[in-house]
Amino acid sequence: MENTEWITGSECLLRCLLQEGVECVFGYPGGSVLYIYDAMVGNPEFNHCLTRHEQGAIHAADGYARSTGKVGVCIATSGPGATNLVTGIATAYMDSVPLVVITGNVPTTVMGTDAFQESDIISITMSITKHSYLVRDVNDLPRIIHEAFYIAGTGRKGPVLIDIPKDVSNQKLRFQPSEYLHIRGYNPEPELNYTEIDNLLQAIAESRQPLIIAGGGVVYANAAEELLEFVNKTNIPVVTTLLGLGGFPSANELWLGMAGHHGAYTANMAIQNADLILSIGSRFDDRLTMKINGFAPNAKRIAHIDIDPAEIGKNVKTDIACVGDIKAVLDYANTKAKPALSNAWVKRLHQDKAAYPLRYKDSDIELKPQYVLEMIDRTTQGNAIVTTDVGQHQMWVAQFYKFKHPRSLISSGGLGTMGFGFPSAIGAQLGNPSRLVVSINGDGGMQMCAQEMAVCAIQQIPVKIVVLNNEVLGMVKQQQELMYEQRYSQIDLSGSPDFVKLAEAYGIKGLRASSKEEAERVWQEALETQGPVLVEFMIPKDEKVYPMVLAGTTLDQMIMGDFE
């Protein structure tokens, strides 16, 4: 014990974070975390990014985590600081993103008295965290931090909350890093059931019309290479979910596109006609399945590979359940995989894909959003990290940007969080300093996080910020038009702000385009600019996302828009 030294809980926290390999913490100070921020003064190794809102901090940590595969970390003070993180915690929880969320709390002596800036953040977030800790004894801090990173980053990943009262952060302890790990009842990687995987391989060998639905789990398990090998060996076509984009290369001839609510025609019809469905890391959520009792009506068997046994059979009856890490399951499957009897099926799907591509009515007068995204894809060759906000632009990105690599699309899938897109790009850029990061936003969501432009300007974080401005809440307008008989209600965003002037006010170059020629020119200028740039593309407000499957209808009942 002679080698140990007495340090405060705050100093202990910073040391433990560095020992966990944390490169950057995103945060915002306040009264209950001031001892922690004070400890940063004497710790030049510790890297902290000061955002302009706590929600910006957690979305940045989320973007960092999704794009790097590491655990993202954010910190906020008690009360309103902590509650400003709630949406970001829920966003990460719904999409299985590993975060360690650190909040301050009021001193233990006044907890439960409605003290200034007190909130019971553990209770508030109980249903949206994988686990949470209230640190009452400073001596527990090294163990808790070590456990939190382990829990967040193993099994089905997710956010873990550590709530530290102010007095605990200043108490002294003999510092010894925690290396021992035993969490009773936590078994993040269950043993593989090889018999069940063999059953799956047998079902594939007998199938004439098999289909793989690849979800975000493929990306999170770092199993993209194993999936590609499996597909090459079995000759099974692949559709991806929104969060699965990039988990299978879009240029591969067996990729049919994204499926679901705004999925490609061939992808949706393949689900409806397949005789064997294999979901790999997709949880059959409602935006994929649409009307559940009309989903995959011709499937004789449905198989599911997932790390989380709770997802097996939750939404769709499952015949073959392979619980385990996707990478490990596919590694084993690839030793025995044989091709399905799928040649005729694959040929038919290729014909469908050629006959029913994703299309839009182009214009030489107006600037179409689909054209803008094709231009961004062409000029970045599909190699950028693209973050999106939520709405029509998110679906156009999913349809028209051709993702080649995993961890290239950063988007809020399950929660659908507006205001996520731009801050997540800051985290992605700090985690991937040599990569081009493009943040694509609507004019609605951009106004929920615009203050984070200050961070890019001051730190010269070179995110290319795209605003597709149709001066309206586009996805709400589309639904009001198609499902509410054109009764438009509270969707007009026209008149303010001027995004170019707003960017300039923050110290960022602002550019604008409203024609194809202007779009090509200003986008090239943006790519050639060293630092951050905001580019506003003025697009028509009546443009819609097609195909579209209306709520309460099945995947084969698509509205095709101009190409009905």
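**Cysteines and a six-stranded sheet**

In this predicted model, the count of disulfides comes to zero. A disulfide would require two cysteine sulfur atoms within 2.5 Å. The cysteine sulfur closest to that of Cys-24 belongs to Cys-49 and lies 5.3 Å away, which is too far for a bond. Likewise, the sulfur of Cys-49 has its closest cysteine sulfur in Cys-24, at 5.3 Å, so no bond is assigned here. Both residues are buried: Cys-24 has a relative accessible area of 8%, and Cys-49 has a relative accessibility of 1%.

Strand pairing was examined next. Six strands form an open sheet in the order E16-E15-E17-E18-E20-E19, and their pairing is parallel. The edges of this sheet are occupied by strand E16 (409-410) and strand E19 (509-513); each has a single partner strand, and therefore one side of each is left without a neighbour in the sheet. In general, the strands of a sheet pair through backbone hydrogen bonds, in either a parallel or an antiparallel manner.

Within the sheet, strand E18 (residues 464-469) and strand E20 (residues 533-538) run parallel and are joined by six bridges. In this pair of strands, Leu-468 stands opposite Phe-537 of E20.

The sheet is also accompanied by a helix. Helix H18 (residues 421-431) lies across four strands, namely E15 (385-388), E16, E17 (437-442) and E18. Relative to E17, helix H18 runs at an angle of about 175°.

Conventions
Residues are numbered from 1 along each chain as its sequence is written. This is a predicted model: local features need pLDDT of at least 70, side-chain atom pairs count only at pLDDT 80 or more; totals for chains, interfaces and linings use all residues. Side-chain values use heavy atoms; hydrogens and water are left out. Buried means under 20% relative accessible area, exposed over 50%, partly exposed in between (1.4 Å probe, protein chains only). Two strands pair if DSSP finds at least two bridges between them. Helices (H or I, at least four residues) and strands (E, at least two) are DSSP runs, numbered from the N terminus. Contact means heavy atoms within 4.5 Å. Axes are lines fitted to C-alpha atoms, for helices over the stretch in contact, and angles run from 0 to 180 degrees between N-to-C directions.
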